[in-house]
Each structure stands twice: as structure tokens, then as C-alpha cells.
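The following exercises invite the reader to work through one protein structure step by step. Each task is followed by a worked solution.

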Amino acid sequence: MSKIQEVAQAVELGKVKLIQGLVQEALDEGNDPQAILNEGMIGAMNVVGAKFQANEIFVPEMLVAAKTMKKGVEVLRPHLAGDSIGANGKFIIGTVAGDLHDIGKNLVALMVESAGFEVIDLGVDVPAETFVKAIKENPDCKVVGASALLTTTMDSLRNTVKAMIDAGCKDQVKIMVGGAPITQAFADEIGADAYTPDAGAAAVKAKELAGC
Ligand code: B1M
């Protein structure tokens with residue numbers, strides 16, 4: 001079994017204590033940090049999701065897998081992030097109200113930061129008004145990102161974008177949306193300026209939206 005496969009297995013089985021050592025060993029072997037993230041950890045979370053859907057595991061196992069992935073990302077973080085934090089301006093991000101999923105949102109934050117932005121992370125379960133308040137408090141911020149992971153919080157994303165539009169935020173920021181159930185068509189429908197399917201694409205798009 002390759003080291004990346006061992007990382008994937010550790011995330012899948014929630015081996016919190018082993019994960020950081022395994023990720024470090026995978027790095028020491030010369031594996032690409034992006035491959036450790038994508039093939040190892042994100043791949044494992046997809047397996048976890050499929051097992052949950054098939055009733056083979058339940059919420060506690062999902063939680064421990066998420067905790068394991070977060071610990072693994074801590075080791076990868078310095079290898080993924082760049083060194084020009086803030087050079088491209090500010091980027092506000094949060095997971096919308098009613099939604100507690102933050103791993104994807106955190107990865108987007110990490111990649112956007114590595115693309116030279118100062119990231120203001122509002123966290124999870126963020127009310128629409130909090131997004132609006134943060135935008136108004138940061139008049140130099142040019143891009144805002146909102147994440148939704150549940151089909152049931154797609155409406156919350158719609159409300160969040162609407163609140164930003166109604167408050168006149170579009171004069172200041174471009175709005176990017178993403179998350180597993182979100183599509184380009186849905187982003188267009190709710191009036192977002194951009195949709196990106198993954199964290200890497202989000203970082204590229206953030207620069208484009210900020211005119212960098
Ligand atoms: Co949840 N959960 N969960 N869960 N959970 C999913 C999303 C689910 C698909 C699992 C399944 O059934 N197969 C399912 C949703 C089904 C649906 O809506 N149709 C689901 C469910 C049902 C639930 C609960 C309702 C379960 C319950 O309580 N009965 C509950 C809801 C809680 C709530 O939010 N109110 C719940 C709870 C949880 C935990 C708390 C246990 C835990 C989250 C822990 C945490 O995040 N701290 C959890 C987990 C871990 C998952 C899965 C297994 C993994 C999510 C994840 O981190 N993926 C997930 C199954 C899956 O995704 N396959 C699942 C890895 C991550 C890197 O991917 O977040 O998609 P993702 O992010 C990607 C892209 O989407 C994109 O970039 C990222 C990486 O490149 N992206 C953006 C994300 N945000 C973006 C923003 C952008 C651009 C791109 O621009 C701003």
C-alpha cells in the first residue's frame with residue numbers, strides 16, 4: 001500500500017492519532033502535497049460520504065473522519081500556502097446559515113490565502129446579515145465566498161446572495177459560491193458572480209474577480 005493510500009485509509013477509519021505522522025511520512029517520501037490532499041484525504045471523505053449514505057456508518061464516524069482530515073491538513077498547510085498573504089486584497093468566506101460543514105470551506109480559504117489574499121473566515125452557520133456586515137466593515141474587500149454542502153441549505157445560499165444584493169454589496173464585491181450540491185446553473189439563478197467546483201479553481205477565480 002502506498003503512503004497516500006495509508007493516509008486515505010487513516011482518514012476513512014478516523015485514525016486521529018496516526019494521521020499527522022502518516023502525512024509527514026508521505027511528504028518525506030516526496031509525494032506532491034496536492035496529491036496527498038486530493039487522492040488521500042478528499043478521496044477518503046468521498047468514501048466516508050458514500051458509506052454514510054449506505055447506512056454503513058453514522059454521524060459520529062463522519063465526525064471523527066472530519067477531525068482526522070483537519071489534523072492532516074494542519075501538516076499539509078505550510079506546503080500548500082504561499083508567502084504573499086494579503087498582496088491581492090481581502091477575501092471574506094463562510095458556510096451559510098444552517099450548514100455546519102467546514103472542511104471544503106477551509107480548503108478554499110487555504111488555497112485563496114496561498115493565492116495572495118488575506119482571508120476573513122466567518123466560520124460556519126453564518127447568517128446572511130453577518131456576511132453583509134463583514135462586507136460593509138471591509139470596504140477594501142473585493143471578493144466574498146459562500147459555501148453550502150447540503151441540498152437543504154441551497155436556499156440559505158440563495159438568501160445569503162439575495163441579502164448581499166439587496167444591501168448593495170455588489171457595488172463593492174464579486175460573489176463566489178460553491179459546495180458539493182452547487183452548480184453553475186444554480187449560481188446563475190441566484191445571482192452569484194461566479195461558481196467554482198473546487199478549492200484550486202476558487203483561488204484562480206478569486207484572482208480573476210479581484211482583477212489581479
Ligand atoms: Co455531512 N453530509 N451531514 N457531515 N457530510 C454530506 C455533505 C452528505 C453528502 C453525506 C451523504 O449523505 N453522502 C450529506 C448531504 C446530502 C444532501 O444534502 N443531499 C450530509 C448530511 C445528510 C449531513 C447531516 C444532515 C447528517 C445528519 O445529521 N443526519 C448533517 C448536517 C449538519 C449540518 O450541517 N446542519 C451532517 C453532518 C456532518 C458532520 C458534522 C458529521 C461532518 C462535517 C464536519 C465538518 O465539516 N467539520 C460531515 C461530513 C464530514 C460529511 C461528508 C462525509 C464529507 C464532507 C467533506 O468535508 N468533504 C459529506 C459527504 C461528501 O462530501 N462526500 C457529507 C470533503 C471536502 C473537501 O469537500 O466540502 O465538498 P467539500 O468541498 C469541496 C467542494 O465542494 C468545493 O471545494 C472543496 C474542495 O476542493 N467547495 C467550494 C466547497 N465550498 C466551496 C466554496 C467555494 C468554491 C468551492 O466558493 C466560495
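**Exercise 1. The place of a histidine**

Where is the place of His 101?

Solution. The model under study is a predicted one. His 101 belongs to the loop between strand 1 (90-95) and helix 5 (103-114).

**Exercise 2. The ligand and its cobalt atom**

Determine which residues surround the ligand and which protein atom serves as donor to the cobalt.

Solution. Step one concerns the surroundings: the ligand is surrounded by 36 residues, and the closest are Leu 100, His 101, Asp 102, Ser 147 and Thr 151.

Step two concerns the metal. The protein supplies a single donor to the cobalt atom of the ligand, namely NE2 of His 101, at 2.2 Å.

Step three concerns contacts with nitrogen atoms of the ligand. A polar side-chain atom of His 101 is 2.8 Å from one such nitrogen. For Gly 49, a backbone N or O atom lies 2.9 Å from a ligand nitrogen. For Asn 46, an N or O atom of the side chain is 3.3 Å from a nitrogen atom of the ligand.

**Exercise 3. The order of the sheet**

Establish the order of the strands in the sheet, and explain why strand 2 and strand 5 each have one side without a neighbour.

Solution. Five strands form an open sheet with parallel pairing, in the order 2-1-3-4-5. Strand 2 (118-121) and strand 5 are at the edges, and each has a single partner strand, so one side of each lacks a neighbour in the sheet.

The pairs can now be followed across the sheet. Strand 1 pairs with strand 2 in the parallel sense over four bridges, and Ile 93 has Asp 121 as its bridge partner in strand 2. Strand 1 also pairs with strand 3 in the parallel sense, over six bridges; here Ile 93 stands opposite Gly 145.

Next, strand 3 (residues 141-147) runs parallel to strand 4 and is joined to it by five bridges. The bridge partner of Gly 145 in strand 4 is Met 176. Finally, two bridges link strand 4 in the parallel sense to strand 5 (residues 194-195), where Met 176 stands opposite Ala 194.

**Exercise 4. Crossovers and the setting of strand 4**

Which helix does the chain pass through between strand 3 and strand 4, and why is strand 4 largely enclosed?

Solution. From strand 3 the chain crosses through helix 7 (residues 154-166) to strand 4, in a right-handed β-α-β crossover. A right-handed β-α-β unit is also made by strand 4, helix 8 (residues 184-190) and strand 5. Strand 1, helix 5 and strand 2 likewise make a right-handed β-α-β unit.

As for its setting, strand 4 (residues 174-178) has four of its five residues buried, so the rest of the structure largely encloses this strand.

**Exercise 5. The cysteines**

How many disulfides does the model contain, and why does Cys 141 not form a bond with Cys 169?

Solution. A disulfide requires two cysteine sulfur atoms within 2.5 Å. For Cys 141, the closest cysteine sulfur is that of Cys 169, at 9.8 Å, which is too far for a bond. For Cys 212, the closest cysteine sulfur is that of Cys 141, at 12 Å, again too far for a bond. The count of disulfides is therefore zero under this cut-off. In addition, Cys 141 counts as buried because its relative accessibility is 1%.

Technical notes
Residues are numbered from 1 along each chain as its sequence is written. This is a predicted model: local features need pLDDT of at least 70, side-chain atom pairs count only at pLDDT 80 or more; totals for chains, interfaces and linings use all residues. Side-chain values use heavy atoms; hydrogens and water are left out. Buried means under 20% relative accessible area, exposed over 50%, partly exposed in between (1.4 Å probe, protein chains only). Two strands pair if DSSP finds at least two bridges between them. A crossover is right-handed if, with the strands pointing away from the viewer, the path from the first strand over the helix to the second runs clockwise. A residue is near a molecule or strand if one of its heavy atoms lies within 4 Å of it. A polar contact is a pair of N or O atoms within 3.5 Å; within protein, one must be able to donate a hydrogen and the other to accept it, and residues adjacent in sequence count only if both atoms are side-chain atoms. Donors are N, O and S atoms within 2.8 Å of the metal (3.2 Å for Na, K and Ca); water is not among the atoms, so sites may look incomplete.
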